[in-house]
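Welcome! Here is a short briefing to read alongside the sequence and the 3D view. Take it topic by topic, and keep the structure open as you go.

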Amino acid sequence: MTYRYRALRFSIAAAAALTGIALLTVLASAGTNSPKGSETKGRAYYRQMCKDCHAKGAKGGEVSPLTKTQAQWRTYFQKAKHAGGAEPLTKYMDDAKLLDVQVFLINHAADSPQPETCGK
Ligand code: HEC
């Protein structure tokens with residue numbers, strides 16, 4: 001095997017390894033990051049469109065970020081069924097707004113670094 005050939009093989013292997021690392025980084029961050037959406041907008045939408053029915057004593061029962069853990073909120077929005085599964089969450093707002101609401105609820109869930117009730 002000539003020296004040039006070996007050098008070429010080495011650089012191909014190095015390029016392949018780098019590509020692999022880059023791919024892994026992308027995959028890892030896709031799996032762990034919160035979904036993209038605006039917490040600030042989500043808080044506002046929640047107050048405008050969910051809170052009427054979900055304040056203490058209201059007909060939907062009290063619901064706040066603290067009602068569920070982060071994992072439970074993710075599952076809830078994946079299913080996207082509301083009121084015991086009777087209707088889709090999209091009855092109240094479109095998917096883009098629901099994503100913002102989801103980010104708000106997850107960021108302040110019971111087991112989040114910043115738990116917060118919606119009254120604030
Ligand atoms: C028109 C009133 C109303 C609005 C608006 C409303 N909800 Fe509800 N929600 C209810 C009722 C009624 C229930 C069922 C309560 C029960 O089963 O005891 C419920 C249940 C829930 C529950 C408990 C789990 C379930 O689905 O049964 C969550 C969480 C929830 N709502 C979140 C939301 C979010 C988020 C929004 C805004 C996108 C929202 N709700 C808007 C009336 C409402």
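In which helix is the place of Lys41? Lys41 belongs to helix α2. Before going further, please keep in mind that this is a predicted model. The chain has 4 helices and 2 strands, and from the N terminus on they follow the order α-α-α-β-β-α.

**The chain and the confidence in it**

- The mean pLDDT of the chain is 83, and 68% of its residues reach 70 or more.
- Residues 24–33 deserve some caution: pLDDT stays under 50 there, and the model has 0 contacts beyond four places in sequence for this stretch.
- Of the 120 residues in the chain, buried ones make up 18%.
- Now consider contacts between residues at least 6 apart in sequence: 70% of them join residues at least 24 apart.

**Lys41, on helix α2**

- Is Lys41 buried, exposed or partly exposed? Lys41 counts as partly exposed because it has 16 C-beta neighbours inside 10 Å, and a residue needs 20 or more to be buried and 12 or fewer to be exposed.
- Try finding Lys41 and Phe104 together: 63 residues separate them in sequence, yet their C-alpha atoms are 8.2 Å apart in space.

**Helix α4**

- α4 has 13 residues, and from its first C-alpha to its last it reaches 18 Å, close to the 18 Å expected at 1.5 Å a residue.
- How many residues of α4 are buried? The helix is mostly covered, with 10 of its 13 residues buried.
- Among these buried residues are the charged-looking names you may spot in the sequence, Lys97 and Asp100, together with Gln102 and Asn107.
- The buried residues of α4 pack against two other helices, α2 and α3 (70–79).

**The nonpolar core**

- The largest nonpolar core has 11 residues, including Tyr45, Tyr46, Cys50, Trp73 and Ala109. Leu98, Val101, Val103, Phe104, Leu105 and Ile106 also belong to this core.
- Two elements give two or more residues to this core: α2 (39–54) and α4 (95–107).
- Which element gives the largest share of this core? The answer is α4, with 6 residues.
- There is a general pattern to remember here: in soluble globular proteins, nonpolar side chains tend to be buried together.

**Asn107, also on α4**

- Asn107 has its place in helix α4.
- Why does Asn107 count as buried? Asn107 counts as buried because it has 20 C-beta neighbours inside 10 Å, and 20 is enough to meet the cut-off.
- Leaving aside neighbours within four places in sequence, Asn107 is in contact with Glu39, Ser112 and Gln114.
- Asn107 and Trp73 are 34 residues apart in sequence, and from C-alpha to C-alpha they are 10.0 Å apart in space.

**Around the ligand**

- How many residues surround the ligand? There are 16, and the closest are Cys50, Cys53, Gly60, Ala83 and Tyr92.
- Helix α2 supplies the largest share of this shell, 5 residues.
- By residue type, the shell divides into 9 nonpolar, 5 polar and 2 charged residues.
- Cys50 links two topics, as it is in the largest nonpolar core and is also one of the closest residues to the ligand.

**Loops and backbone angles**

- Most residues other than glycine have a negative phi, and most peptide bonds are trans.
- Ala80 is not a glycine, but it has a positive phi of about 55°. Look for Ala80 in the loop between α3 and β1 (81–82).
- Ala80 counts as exposed because it has 12 C-beta neighbours inside 10 Å.
- Ala83 is not a glycine either, and its phi is positive as well, at about 55°. Ala83 lies in the loop between β1 and β2 (87–88).
- Ala83 is exposed because 10 other C-beta atoms lie within 10 Å.
- Where is the place of Lys91? Lys91 sits in the loop between β2 and α4.
- With 9 C-beta neighbours inside 10 Å, Lys91 counts as exposed.
- Lys91 and Lys81 are 10 residues apart in sequence, with 9.7 Å between their C-alpha atoms.

Key. Residues are numbered from 1 along each chain as its sequence is written. This is a predicted model: local features need pLDDT of at least 70, side-chain atom pairs count only at pLDDT 80 or more; totals for chains, interfaces and linings use all residues. A nonpolar core is a set of buried Ala, Val, Leu, Ile, Met, Phe, Trp, Tyr and Cys residues joined through C-beta atoms within 7 Å. A residue is near a molecule or strand if its C-beta atom, placed from the backbone, lies within 6 Å of it. Ala, Val, Leu, Ile, Met, Phe, Trp, Tyr, Cys and Pro count as nonpolar, Asp, Glu, Lys and Arg as charged, and the others, Gly among them, as polar. Two residues are in contact if their C-beta atoms, placed from the backbone, lie within 7 Å. The expected span of a helix is 1.5 Å times one less than its number of residues. pLDDT is the predictor's confidence in each residue, from 0 to 100.
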